[in-house]
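User: I would like to go through this model step by step, with the reasoning behind each answer set out.

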Amino acid sequence: MDPGVCYIKPEYLIEVLRNTEVKLGEFTEQHDLEKKADKKKDKKRGQNKNRPAPYKVKRESQLCSSLVNGDPTSSCSYPNCVYLHDMKKYLEEKPKDIGESCYIYSQTGHCQYGLTCRYAESHLDEEKRNLGVKDGIRKPFTFVDTELLTLLRKRQYNLDRSRSIVAEVEKRKNEGYTPDTDLIPEKPCEKRRIDFRDKLFLSPLTTVGNLPFRRICKEYGADVTCGEMACVVPLLQGAKQEWALTKRHPSEDIFGVQICGNKANLVAGATQILMEKANVDFVDLNLGCPIDLIYRQGAGSALIRRQNVLEGIVKSCSAVLGDKPFTVKTRTGVYADKSVAHELVPKFEAWGASLVTYIEECAKQAKEIPVIGNGDILNFEDYLEAREIAPHISGTMIGRGALIKPWIFKEIKEQRHWDPSASERFDMMKKFVNYGLEHWGSDTKGVETTRRFLLEWQSFLYRYVPYGLLEHPPQKINARPNTYRGRDDLETLMASNNCADWIVLSERLLGPVPEGFHFLPKHKANSY
C-alpha cells in the first residue's frame with residue numbers, strides 16, 4: 001500500500017465529486033481567477049499573504065454604542081463620533097436576524113449588543129428596548145483592563161523589576177557562570193510545579209487555536225491548553241488584539257500563554273506584565289516559528305542559533321515569573337542537516353526552564369524537567385507508538401491532529417476509535433459558533449469574525465475521513481484520500497475541499513454571507 005494514500009472502501013469511491021446527486025457550492029468566478037493568479041505568481045507553499053479580507057464592517061453604518069439598548073433618551077458623549085445615531089434608520093437597514101435565540105442572552109440573561117445583535121428579536125420588547133439591561137450601560141465584551149492598555153500605550157507601566165533582572169543576568173554572563181538562584185529575593189513558597197507528566201497538551205496554534213476552539217478541545221479531554229503565539233512588542237505597546245490572545249476561559253484549568261520575541265529585555269518585560277495582570281499558569285517561549293517576518297527579526301526558530309540571547313531570555317523570564325513555570329517549545333534546529341535541540345535541553349534546564357517540548361533524544365538529556373513530545377498524532381495508535389518510540393517523554397502535544405478531529409483526546413484516553421456521524425460533527429461546529437458569538441460578539445462584526453474562524457477551522461476539518469469509510473483504518477495524518485461520497489449528503493459536503501462548500505456550511509449556522517464576502521484560507525497548503 002502507498003503510505004501517502006488514505007484508502008476508502010470501494011462502495012464510497014467516486015470519480016468526480018461534482019457528479020453526485022448532492023448539490024454542493026460552486027466555485028465563484030473570482031475564486032477561479034484568484035486560483036489561476038496564484039499559479040502564475042509561483043509563490044512558496046503555504047505563503048498566502050495577499051488574500052482579501054473576508055468582510056469589513058463600515059463604521060458609518062453601525063449603531064453608536066450609546067444607543068444599543070434602545071433608549072432614545074441616551075446621547076453620545078463624543079462630538080466627533082462617526083457611528084450612526086438614528087435608531088429608526090439603523091433598524092430599517094439592518095439585515096434580517098439569523099436565528100430565533102441569542103446564545104449570549106440565553107446564558108446570561110442580558111445581551112450587551114442589544115439592537116445590533118443578529119438575534120436581537122429574542123431579547124427586545126415591543127418598544128425595541130433591550131431586555132435585561134443593568135444600569136442602562138452596555139458592558140464591554142472584553143476582559144482586558146483598559147487602564148492597563150492605556151498605561152502600556154503611554155509607556156508608563158513600571159517594568160523596573162524585569163529590567164533589573166535582565167541587567168543582573170547580563171552582568172553575570174559577562175563575568176562568567178555563577179548560580180542565578182539569588183536574582184530575586186527568595187519567596188516563602190518554592191517554585192510552583194505543574195504536573196505535566198502524562199498530560200495531553202493542545203499545541204499553541206496560530207489563528208485556529210482561538211478560545212472557542214480550545215473550549216471544544218477541553219470538552220473532548222485536553223488536559224493543558226495554551227493561547228496563540230503573542231508577540232511581545234505589541235503586548236508591551238498595549239495592542240488590544242494581541243492582549244485578546246491571552247484571554248482564558250474558566251474551563252481551562254491549566255492554561256498558558258506563548259510569547260515570541262528577540263531581546264531579553266522585551267521578552268522579560270512582557271513576561272512580567274503577564275505574570276502581574278493576566279490569569280495564566282505558565283508562560284511558554286516560542287522557539288519553533290519559521291515565518292520569515294519572525295525569523296528575520298531574530299525571534300522564533302532564529303533564537304536557536306542565537307544562544308547567547310536565548311540564555312538571557314530563559315534565565316530572565318524564569319526569574320521574573322517567580323513561582324510560575326517558564327516553558328520552551330522548540331524544533332530540532334534551524335538547518336535541515338543539523339539537529340541541535342538535544343544539545344539545548346540540558347542548557348534550558350540549567351537556565352531555569354520548567355518544561356521543554358520535543359522528542360526522545362532530548363528527553364534523555366533532561367535530568368529533572370519534563371520533556372513533551374509532539375508531531376503527527378491523529379489516533380490513539382499513533383499516540384501509543386510515539387510513547388513506545390520515545391519512552392522518556394513525559395507527555396504529548398497535539399496540534400494538527402486536534403484540528404482535524406478534536407475528539408482525538410477522548411480517543412486516546414479511552415483507547416478506542418470514535419466514529420461521530422455527520423450530524424454529531426455538525427453539532428460540534430454549532431457549539432463552536434455559539435462559543436464564537438460569546439467570545440467575538442453577536443453583532444454583525446462578531447458574526448462575521450466567527451464565520452471567518454469557522455472557515456479557517458474547516459480547512460482542517462474536511463481532511464477527516466470517517467472511520468466507517470476507511471478500507472484500512474486508522475487514518476494517517478499525511479495520507480490523502482481519493483474523492484469519496486459520504487454516508488449522507490451532509491457528510492459528503494463536509495468532505496469537500498472547496499472553499500465555496502465550506503461557506504455553504506457556515507450559512508447553515510450563521511445565515512447568508514453579506515454582500516462582498518470573500519474567503520481564502522490562511523493555511524492554504526494542504527498539510528497531508
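Analyst: Buried here means under 20% relative accessible area. The model is a predicted one.

User: Is Gln-272 buried or exposed, and what is its relative accessible area?
Analyst: Gln-272 lies in helix H9, which covers residues 264–277. Beyond residues up to four places away in sequence, Gln-272 touches Tyr-157, Asn-158, Leu-159, Arg-161, Ser-162 and Val-320. Since the cut-off for burial is under 20%, Gln-272 counts as buried, with a relative accessible area of 2%.

User: Which helix gives the most to the largest nonpolar core?
Analyst: The largest nonpolar core has 59 residues, of which Phe-213, Ala-402, Phe-409, Ile-412, Trp-457 and Leu-510 touch the most other members. The helix that gives the most to this core, with eight residues, spans residues 422–440 and is H17.

User: Which strand holds the bridge partner of Leu-202, and which residue is that partner?
Analyst: Strand S2, residues 200–202, runs parallel to S10 and is joined to S10 by three bridges. Within strand S10, residues 395–398, Gly-395 and Met-397 point one way while Thr-396 and Ile-398 point the other way, and all are buried. In a regular strand the side chains alternate between the two faces of the sheet. The bridge partner of Leu-202 lies in S10 and is Ile-398.

User: Which helix makes a right-handed β-α-β unit with S9 and S10?
Analyst: Strand S9, residues 371–374, pairs with S10 in the parallel sense over three bridges, and the bridge partner of Asn-374 in S10 is Met-397. With S9 and S10, the right-handed β-α-β unit is made by a helix of residues 380–389, namely H14.

User: How many of the 18 residues of H18 are buried?
Analyst: Helix H18, residues 444–461, reaches 25 Å from its first C-alpha to its last, which is close to the 26 Å expected at 1.5 Å a residue. H18 is largely enclosed by the rest of the structure, because the number of its 18 residues that are buried is 15.

User: How far from Cys-117 is the nearest cysteine sulfur?
Analyst: The structure holds zero disulfides, and a disulfide would need two cysteine sulfur atoms within 2.5 Å. Cys-117 is buried, with a relative accessible area of 0%. Cys-117 is in no disulfide, and the nearest cysteine sulfur, which belongs to Cys-102, is away by 3.8 Å.

Methods
Residues numbered from 1 in each chain as written. Predicted model: local features only at pLDDT ≥ 70, side-chain atom pairs only at ≥ 80, totals over all residues. Heavy atoms only, no water. Helix = DSSP H or I, 4+ residues; strand = E, 2+ residues; numbered from the N terminus. Buried < 20%, exposed > 50% of the residue type's maximum accessible area, 1.4 Å probe, protein only. Contact = heavy atoms within 4.5 Å. Core = buried A, V, L, I, M, F, W, Y, C linked by side-chain atoms within 4.5 Å. Expected span 1.5 Å × (residues − 1). Pairing = 2+ DSSP bridges. Right-handed = clockwise from strand over helix to strand, strands pointing away.
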